[in-house]
Amino acid sequence: MSGIGPDQELSIAAIATAVAPGQGGIAVIRLSGPSAVRAVAAITVIPGQQLWESHRILYGHVVAAGGVERLDEVLVLVMLAPRSFTGEDVVEIHCHGGVIAVQQVLARVLEQPGVRRALPGEFSQRAVLNGRLDLTRAEAIGDLVGARSQRAAQLAMAGLDGGIQKKMVVLRERLLDQLSELEARVDFEEDLPPLDGEALLQELQAVRMELNALVADGERGSVVRHGLRVALVGRPNVGKSSLLNLLSRRERAIVTDLPGTTRDLLESEIVLDGVPITLLDTAGIRATRDAVEQLGIARSRDALASADLVLLLFDLAQGWSEEDQALFAQIPDGVPCLRVGNKADLPLKADSVAGPVSSSASVSVADVRLSAVTGEGEQDLVRKVLERCGGLSEQPLLLALNQRQSDLASTAAEALARSEQVAADGLPWDFWTIDLRQAIRSLGEITGEQLTESVLDRIFSRFCIGK
């Protein structure tokens, strides 16, 4: 898959760095396309005899229309085709950061004929269309830009280094070898030695198992890339805010002995063993006439429905109560839950005053015993959170497919399973090839060898502007 559509006759331009007041001393504006050099030359004054040659850095100023007023002092980087990221002429203007200067420079660029504003991910898309990148590497760039943890960045780099592309090419070639053997027998079976159908079937099974393993790793990788939403739920004053502060290592929530202190949904972003976690500290769910607290409780119930995991805290010293059981019953079906017995540092109350489950028996009810004050049980909680959400495994995660790639790998594995069934039914060789071709097409879509430009548009629309 390669080629340039009519819209690529225009050059594209965008700010390629984050823009915020007072944040970042330098901003980069990137142009790509046939008029990139001409457009930048038209808005800059480059003193002396500096040459507009490839892979040179020029010093000068961007000037306003009329060529007199200076808008910014800049460096201009020139990278001529094909030795550039997109395979086209690429020019970068390095100007001062902030907001005003960089927006003024971009506005001057976009005033030039033949230049338009870039769409999200369009630079990377052009790199794929021009054969400078395969699709898996381009997607890895997007993952690296959006990485929320060091572990997610490492997975992105594995894809950027070509790990996914190389794996898919090897698997696809193995299937092509088997397809060629089958097709040869369909056309020239009388002139060739008998085909070892059992060996061919074993090879298809081996490839299918590798694809299924990659899909399973992709599910673990999704947790690392996108993180988890974990809701902290429990009766008032069981220690939800204390646990939030323990895990986030900062005082995000007010901790008092008064029930109903948390009136709103508090969020805290943390990373546990490389997995980004959004902790949702909910208002204690109870009967109340306080209108503000009622609003917080309603938001708590919404958090239950959207969470990947619920941590239901109860007071270990007081025991598992009817109120705790009622909260447990409100957790939606399909949402994993860990019952966390907090305040493990306090002595258990006498069973005679405990709820429907005695204080001593409540220890067995708890999936995790914890003290949010002393930190006792914290590592056990972290381990069980990741286990329950599929983010923990004894095998290291070295390579992870994204959702698009996992879906295609699953499709390929299912097609191979159908081929195996055809073989088991003893059907002729040409029946074997139907689903085998589907598997090969799916693997080709992963690397971008068999994709339409409209599909590419959907993929790169999720990228950031300027990349």
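Residues 24 or more positions apart account for 68% of the contacts with a separation of 6 or more in the protein, contact meaning heavy atoms within 4.5 Å. The structure is a predicted model, in which local features need pLDDT of at least 70 and side-chain atom pairs count only at pLDDT 80 or more, whereas totals for chains, interfaces and linings use all residues. Residues are numbered from 1 along each chain as its sequence is written, and side-chain values use heavy atoms, with hydrogens and water left out.

The protein contains 15 helices and 13 strands; these are DSSP runs numbered from the N terminus, helices being H or I runs of at least four residues and strands E runs of at least two. Of its 467 residues, 49% count as buried, a class defined by a relative accessible area under 20%, with exposed set at over 50% and partly exposed in between (1.4 Å probe, protein chains only). The exposed surface of the protein amounts to about 22000 Å², of which carbon and sulfur atoms supply 53%; accessible areas come from the Shrake-Rupley method with a 1.4 Å probe, and for residues only the protein chains shown count as cover.

Helix α3 (residues 122-129) is largely enclosed by the rest of the structure, because eight of its eight residues are buried. The buried residues are Glu122, Phe123, Ser124, Gln125, Arg126, Ala127, Val128 and Leu129. They pack against the strands β1 (11-15), β2 (26-32) and β7 (115-117), and against the helices α4 (135-145) and α15 (453-460). Just after α3, Gly131 adopts a positive phi of about 75°.

Two packed helices are described by the angle between their axes and the distance between the axes. Here axes are lines fitted to C-alpha atoms, for helices over the stretch in contact, and angles between N-to-C directions run from 0 to 180 degrees. Helices α4 and α5 pack at an angle of about 160°, and their axes are 8 Å apart. The two are therefore roughly antiparallel to each other; angles over 145 degrees fall in this class, those under 35 count as roughly parallel, 65 to 115 as roughly perpendicular and the rest as oblique. The crossing of α4 and α5 is left-handed, that is, the near helix is turned anticlockwise from the far one by less than a right angle, a clockwise turn being right-handed. Thr136, Arg137, Ala140, Ile141, Asp143 and Leu144 of α4 make the contact with Ala153, Ala156, Met157, Gly159 and Leu160 of α5. These residues divide into seven nonpolar, two polar and two charged, where Ala, Val, Leu, Ile, Met, Phe, Trp, Tyr, Cys and Pro count as nonpolar, Asp, Glu, Lys and Arg as charged, and the others, Gly among them, as polar.

Helix α5 (residues 150-160) also packs with helix α7 (residues 197-226), at an angle of about 125° and with the axes 8 Å apart. This angle makes α5 oblique to α7, and α5 passes α7 in a left-handed crossing. On the α5 side the contact involves Arg151, Ala152 and Leu155, and on the α7 side Arg220, Gly221, Val224 and Arg225. Three of these residues are nonpolar, one is polar and three are charged.

A further partner of α7 is helix α13 (residues 403-424); the axes come within 9 Å and cross at roughly 155°. Helices α7 and α13 are therefore roughly antiparallel to each other, and α7 passes α13 in a left-handed crossing. Residues of α7 in the contact include Leu201, Leu204, Val207 and Leu211, while those of α13 include Ala409, Ala412, Ala413 and Leu416. The contact divides into eleven nonpolar, six polar and two charged residues.

Leu313 is located in strand β11 (residues 309-315) and is buried, with a relative accessible area of 0%. Its contacts beyond four places in sequence include Val233, Val238, Leu243, Asp324 and Val340. Leu313 and Leu243 are 70 residues apart in sequence, and their C-alpha atoms are 9.3 Å apart in space.

Most residues other than glycine have a negative phi, and most peptide bonds are trans. His55, in the loop between β3 (44-45) and β4 (56-63), has a positive phi near 60° and is partly exposed, with a relative accessible area of 41%. Lys343, in the loop between β12 (337-342) and α11 (359-365), has a positive phi of about 65°. The peptide bond from Ala81 to Pro82 is cis, with omega near 0°; Pro82 lies in the loop between β5 (70-79) and β6 (90-96).
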